[in-house]
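Visitor: I should like to take a close look at a single residue and its surroundings. Please begin with the place itself and then work outwards to the rest of the chain.

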Amino acid sequence: MSQRAQVPDVTHRLVDVPDGRIHLVEQGTGPLVLLVHGFPESWYSWRHQLPALAAAGFRAVAIDVRGYGRSSKPRDIEAYRMLAHVADNVGVVRALGEETATVIGHDWGSTIAANTALLRPDVFTAVGLLSVPYAPRGGFRPTDAFSLMGGPEEFYVSYFQRPGRAEAEIERDVRGWLAGFYAVLSGDAVPPADGGDPHFVPVGGKLSDRFPDAAAPSWLSEADLDVYADEFERTGLTGALNRYRNMDRDWADLAAWDGAPITQPSLFIGGALDASTTWLADAIAAYPTTLPGLVSSHILEGCGHWVQQERADEVSRLLTDWLRALPARARS
């Protein structure tokens with residue numbers, strides 16, 4: 001990691017969890033706040049929030065989700081099902097000597113955080129969701145629903161399903177692919193030249209066919225991009241992509257929680273230009289039913305998918321204000 005990309009005053013640790021080990025980075029003391037990243041990122045996506053939360057009086061802990069970074073990377077695809085991620089989060093809390101925590105996630109991390117709070121309300125007393133809204137488990141098998149999207153083109157989640165297929169595209173040029181993926185989902189993204197949607201793969205093409213030719217987005221320095229690229233050059237992308245390959249298993253595993261609300265105090269932050277926010281507008285509208293403990297919901301104008309990096313200071317402020325306002329029982 002280059003000197004410019006280092007995050008000062010943080011502690012790196014590997015902790016044992018029931019099914020392996022999790023790498024985490026922590027800063028600060030106080031009530032525990034667990035930060036869970038999305039695809040294709042790492043603990044480093046929380047580099048701006050770690051010092052902000054620590055300064056506000058919290059013990060901020062950002063993990064590498066299983067399959068990423070220095071955390072365990074099981075061989076079996078089934079090892080990346082949602083129940084395993086929930087167990088990892090509980091294991092991290094226990095390994096840190098705590099009984100309870102607030103969990104905050106972005107992208108896939110948002111879905112992991114939501115299900116962690118849903119399944120273990122005894123441990124996770126509040127939940128923050130970034131970019132991807134909470135939508136309870138419903139009646140359609142996920143891969144069946146995705147197959148109906150896009151007409152002749154292929155939805156990116158469907159494209160990720162077959163082991164090795166997306167890896168073959170990405171691992172030819174990890175750094176270039178990451179730069180394009182981050183850029184095309186940013187708030188200042190340049191529309192694809194063919195006018196198509198970057199979430200869909202053109203017939204006979206690749207997902208990256210609609211990435212911009214320019215460098216990484218303005219919110220990501222070359223040194224920051226190096227951090228992500230170096231990690232994925234070392235680990236490959238299979239562990240990260242295996243999360244997508246368990247969506248039908250999750251649907252089966254979570255049948256008992258069909259339609260279930262999350263009742264703990266919660267917060268949502270999304271980007272106005274993020275497809276996760278616009279496509280799932282109905283899920284946000286349903287929050288009075290699905291997130292009855294919602295404290296605040298924020299849609300950031302002009303912001304894309306990578307909210308805590310695109311709008312680092314604003315998101316850090318929203319998070320710290322929310323955390324400070326939580327009832328004492330939800331912060332201890």
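Guide: Gly 105 has a relative accessibility of 0%, and because anything under 20% is classed as buried, Gly 105 counts as buried. The model in which this is seen is a predicted one. Gly 105 belongs to strand β5, which runs over residues 101–106. Leaving out residues up to four places away in sequence, Gly 105 touches Val 36, Trp 46, Ser 110, Ala 113, Gly 128, Leu 129 and Leu 130. Leu 130 deserves attention among these partners: 25 residues separate Gly 105 and Leu 130 along the chain, while their C-alpha atoms are 6.0 Å apart.

The residue numbered just after Leu 130 is the next stop. Ser 131 lies in the loop between β6 (124–130) and α4 (142–147). Its relative accessibility is 0%, and so Ser 131 is also counted as buried. The backbone of Ser 131 has a positive phi of about 75 degrees, although Ser 131 is not a glycine. Asp 9 offers a comparison, with a phi near 65 degrees, again positive in a residue other than glycine. Asp 9 is found in the segment before β1 (11–17). With a relative accessible area of 68%, Asp 9 is exposed, whereas Ser 131 is buried.

The loop after β6 leads on to helix α4, where Thr 143 is placed. Thr 143 has a relative accessible area of 24% and is partly exposed. Neighbours within four places in sequence aside, Thr 143 is in contact with Gln 161 and Asp 248. Thr 143 and Asp 248 stand 105 residues apart along the chain, yet 6.7 Å separates their C-alpha atoms.

Another partner of Gly 105, Val 36, points to a further region, since β3 covers residues 32–36 and a loop joins β3 to α1 (49–55). Pro 40 sits in that loop. The peptide bond between Phe 39 and Pro 40 is cis, with omega at about -15 degrees. Ser 42 is placed in the loop between β3 and α1 as well. At 4% relative accessibility, Ser 42 counts as buried. Apart from neighbours within four places in sequence, the contacts of Ser 42 are His 37, Ile 63, Asp 64 and Tyr 228.

Phe 39 and Ile 63 also take part in a wider assembly. The largest nonpolar core has 101 residues, and those with the most contacts inside it are Phe 39, Ile 63, Val 92, Phe 160, Leu 178 and Leu 207. In soluble globular proteins, nonpolar side chains tend to be buried together. Leu 207 shows what such a residue has around it: with neighbours within four places in sequence left aside, its contacts are Tyr 156, Tyr 159, Phe 160, Glu 169, Trp 177, Phe 181, Pro 198, His 199 and Val 201.

Two of those contacts, Trp 177 and Phe 181, are among the buried residues of helix α7. This helix spans residues 174–184 and is mostly covered, with nine of its 11 residues buried. Leu 178, already named for its contacts inside the core, is another buried residue of α7. The cover over the buried residues of α7 includes α6 (165–170) and α8 (222–235).

The view may now widen to the chain as a whole. The protein chain has 16 helices and 10 strands, and 57% of its 332 residues count as buried. Among contacts between residues at least 6 apart in sequence, 78% join residues at least 24 apart; the contact of Gly 105 with Leu 130, residues that are 25 apart along the chain, is one such case. For 332 residues, a compact globule would have a radius of gyration near 20 Å, and the 19 Å of the protein chain agrees with this. Along its principal axes, the C-alpha trace spans about 55 × 50 × 40 Å.

At the surface, the protein chain exposes about 13200 Å², of which carbon and sulfur atoms supply 52%. There are 29 positive and 42 negative side chains, and the centres of the two sets lie 5 Å apart. One final pair concerns Ala 255, which lies in the loop between α10 (247–253) and β9 (266–271). Ala 255 is partly exposed, at 40% relative accessibility. Ala 255 and Pro 51 are 204 residues apart in sequence, and from C-alpha to C-alpha they are 39 Å apart in space.

Note on methods: Residues are numbered from 1 along each chain as its sequence is written. This is a predicted model: local features need pLDDT of at least 70, side-chain atom pairs count only at pLDDT 80 or more; totals for chains, interfaces and linings use all residues. Side-chain values use heavy atoms; hydrogens and water are left out. Helices (H or I, at least four residues) and strands (E, at least two) are DSSP runs, numbered from the N terminus. The radius of gyration is taken over C-alpha atoms; the globule rule is 2.2 Å times the number of residues to the power 0.38. Buried means under 20% relative accessible area, exposed over 50%, partly exposed in between (1.4 Å probe, protein chains only). Contact means heavy atoms within 4.5 Å. Accessible areas come from the Shrake-Rupley method with a 1.4 Å probe; for residues, only the protein chains shown count as cover. Lys and Arg count as positive and Asp and Glu as negative; His and the chain ends are not counted. The place of a charge is taken as NZ of Lys, CZ of Arg, CG of Asp or CD of Glu. A nonpolar core is a set of buried Ala, Val, Leu, Ile, Met, Phe, Trp, Tyr and Cys residues joined through side-chain atoms within 4.5 Å.
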